[in-house]
Amino acid sequence: MSNVVNKVTFYPVSNGDTSQIVLANSRRILMDFHHRTCGEDDTSPHIDLSKHLRAELKAAGRDDVDVMAFTHADLDHICGFSDFFELQYSKTYQGGNRIKIQELWVPAAVLIEPATQDQKQDEFYILRQEARHRLKKGEGIKVFSKPPAVQKILTDAGITVASREHCFVDAGTIVEGFTLADDGVEFFVHSPFVAHCEDGDFERNIASLIFNVRFVVGTYQCDYLAVGDTEYETLGQIVEITEAHGNHDRLEWDLFNIPHHCSYRALAQEKGEKETVPDEGVEKILNAGKQDAYIVSSSRPIPNDKLSYEQTQPPHIQARNTYERYLRQVRGRKMLVTMEYPNGFHPEPMVFEISANGLKLASTSTSTGAAAAIISAPAPRAG
């Protein structure tokens with residue numbers, strides 16, 4: 001077990017999300033994709049995500065990912081995906097050196113989002129069409145929740161819903177295809193719920209994917225709370241439902257990718273002057289952090305200065321103050337910001353390693369040539 005290492009990487013894509021899980025058995029789960037063209041300029045602090053991921057895949061001898069999971073269809077989570085990936089529904093997005101997607105994961109809201117004629121070149125529409133194509137085909141997709149509007153897409157095409165049951169995943173269940181026995185990981189679905197878009201009406205953030213990703217290596221169990229852009233009301237609902245079903249342990253976390261780029265709206269309705277006072281349900285999640293846990297904010301830098309306290313758009317320093325206070329309370333290790341790591345001038349991918357020895361942040365060498373270091377958390381027993 002000592003050589004079994006899983007990796008979770010967060011990429012510096014400013015106020016956006018891209019992360020990747022690479023399992024010890026080499027399976028890859030990419031979560032969201034936010035390529036910024038400014039990253040193609042070597043003088044920019046933003047990563048050239050497409051170039052970086054292609055290099056990673058080439059080094060691994062691959063031209064595909066096992067899973068591409070889009071938490072929702074906001075541009076900062078899907079930007080550039082149609083130039084990077086091979087899509088099945090149209091020859092326009094095929095050929096060349098496009099990266100293949102073995103299985104696409106999307107919330108149901110992606111499939112039912114309306115689009116005008118003028119929006120048919122927009123990436124959310126392209127993602128919608130790819131998801132619909134795969135669902136109708138019945139292969140290479142998992143759709144999270146099954147509201148009536150999604151079922152209607154099938155019946156209108158003369159396809160029975162029963163024949164596509166294997167493509168749907170409900171909240172409160174574990175995603176089929178990954179097991180602790182075979183892969184050392186499982187994905188427990190917290191959200192979305194059918195109610196998030198039951199009437200065909202939804203907000204992307206509220207209907208986004210939220211997982212408890214559980215790794216087990218030997219006697220060590222690591223819980224990763226992977227949260228798409230959501231708000232405090234949804235997190236409160238998750239807590240209430242999870243507790244009602246006796247799944248309290250699925251709220252615990254060693255690693256927490258906080259929602260919506262450190263927005264106060266993921267904590268409470270009011271920002272607060274110096275700190276956001278979290279809603280009761282969110283507070284339970286914050287208190288569920290384990291000793292030596294980490295918090296990650298996929299966002300721009302969050303300096304503690306006067307301008308930050310006056311800022312209307314995320315990230316919010318008031319939210320950061322809250323997360324850091326609760327992290328101290330649970331004796332967590334550190335809150336990290338993707339565009340500050342290892343520094344704000346030249347951010348680099350943030351890599352966490354999960355092995356029998358615990359959760360480790362693999363530090364990069366800095367521009368001064370300092371040797372790489374490993375900051376590690378001790379490994380408690382599984383369960």
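Begin with the largest cavity, which encloses about 90 Å³ of space. The model on display is a predicted one, and this cavity is one of 4 of 30 Å³ or more that the structure holds.

**First stop: the largest cavity**

Select Asp 17, Ser 19, Met 31, Asp 32, Thr 71, His 77, Tyr 224, Ala 226, Val 227, Gly 228, Asp 229 and Asn 257 to display the lining of the largest cavity. By class, this lining comprises 4 nonpolar, 5 polar and 3 charged residues. Colour strand β10, residues 220–227, next: with 3 residues, β10 gives the most to the lining of the largest cavity.

Keep Asp 32 selected for a moment, since this lining residue also has a backbone feature to inspect. Its phi is near 70°, a positive value in a residue other than glycine. Asp 32 is located in the loop between β3 (28–31) and α1 (49–59).

**Second stop: the second largest cavity**

Val 227, already selected as part of the first lining, leads to the second largest cavity, where Val 227 is again a lining residue. The space here is about 50 Å³. To complete the selection, add His 190, Ile 210, Leu 225, Leu 235, Ile 238, Leu 251, Phe 256 and Ile 285. The elements that give two or more residues to this lining are β10 and α8 (232–244). In terms of class, the lining of the second largest cavity consists of 8 nonpolar residues and 1 polar residue, with no charged residue.

**Third stop: two cis peptide bonds**

Move to Ser 191 and Pro 192, which are joined by a cis peptide bond with omega of about 15°. Pro 192 belongs to the loop between β8 (185–191) and β9 (210–217).

Then select Tyr 341 and Pro 342, where another cis peptide bond is found, with omega of about -5°. The loop between β13 (334–337) and β14 contains Pro 342.

**Fourth stop: an aromatic pair**

Strand β14, which spans residues 350–355, carries Phe 352. Show the side chain of Phe 352 together with that of Phe 10 and examine the two rings: their centres are 6.0 Å apart and their planes stand at 85°, so the pair is edge-to-face. Phe 10 lies in strand β1 (residues 6–10), and the pair links distant parts of the chain, 342 residues apart. In total, the structure holds 17 aromatic pairs.

**Fifth stop: the largest pocket**

Where is the centre of the largest pocket to be sought? Select Gly 39, His 46, Ile 47, Asp 48 and His 346, which lie nearest its centre among the 15 residues that line the pocket. The largest pocket holds about 280 Å³ of space. Its lining divides by class into 4 nonpolar, 5 polar and 6 charged residues.

**Last stop: two packed helices**

Finally, display helix α5 (residues 123–137) and helix α6 (residues 148–156) as ribbons. Two packed helices are described by the angle between their axes and the distance between the axes. For α5 and α6 the angle is about 60° and the axes are 10 Å apart. The crossing of α5 past α6 is right-handed. Which residues make the contact? On α5 they are Arg 132, Leu 135 and Lys 136, and on α6 they are Val 150, Ile 153 and Leu 154. By class, this contact has 4 nonpolar and 2 charged residues, and no polar ones.

Key
Residues are numbered from 1 along each chain as its sequence is written. This is a predicted model: local features need pLDDT of at least 70, side-chain atom pairs count only at pLDDT 80 or more; totals for chains, interfaces and linings use all residues. Side-chain values use heavy atoms; hydrogens and water are left out. Axes are lines fitted to C-alpha atoms, for helices over the stretch in contact, and angles run from 0 to 180 degrees between N-to-C directions. Helices (H or I, at least four residues) and strands (E, at least two) are DSSP runs, numbered from the N terminus. A crossing is left-handed if the near helix is turned anticlockwise from the far one by less than a right angle, and right-handed if clockwise. Contact means heavy atoms within 4.5 Å. Ala, Val, Leu, Ile, Met, Phe, Trp, Tyr, Cys and Pro count as nonpolar, Asp, Glu, Lys and Arg as charged, and the others, Gly among them, as polar. On a 1 Å grid over the protein atoms alone, a cavity is a set of points where a 1.4 Å probe fits but cannot get out, and a pocket is an open set with protein on both sides within 12 Å along at least five of seven lines; lining residues have an atom within 4 Å of a point. Grid points are joined across faces, edges and corners, and a volume is the space filled by probe spheres set on the points. Rings of Phe, Tyr and Trp (its six-membered ring) pair if their centres lie within 6.5 Å; planes under 30 degrees apart count as stacked, over 60 as edge-to-face and the rest as tilted.
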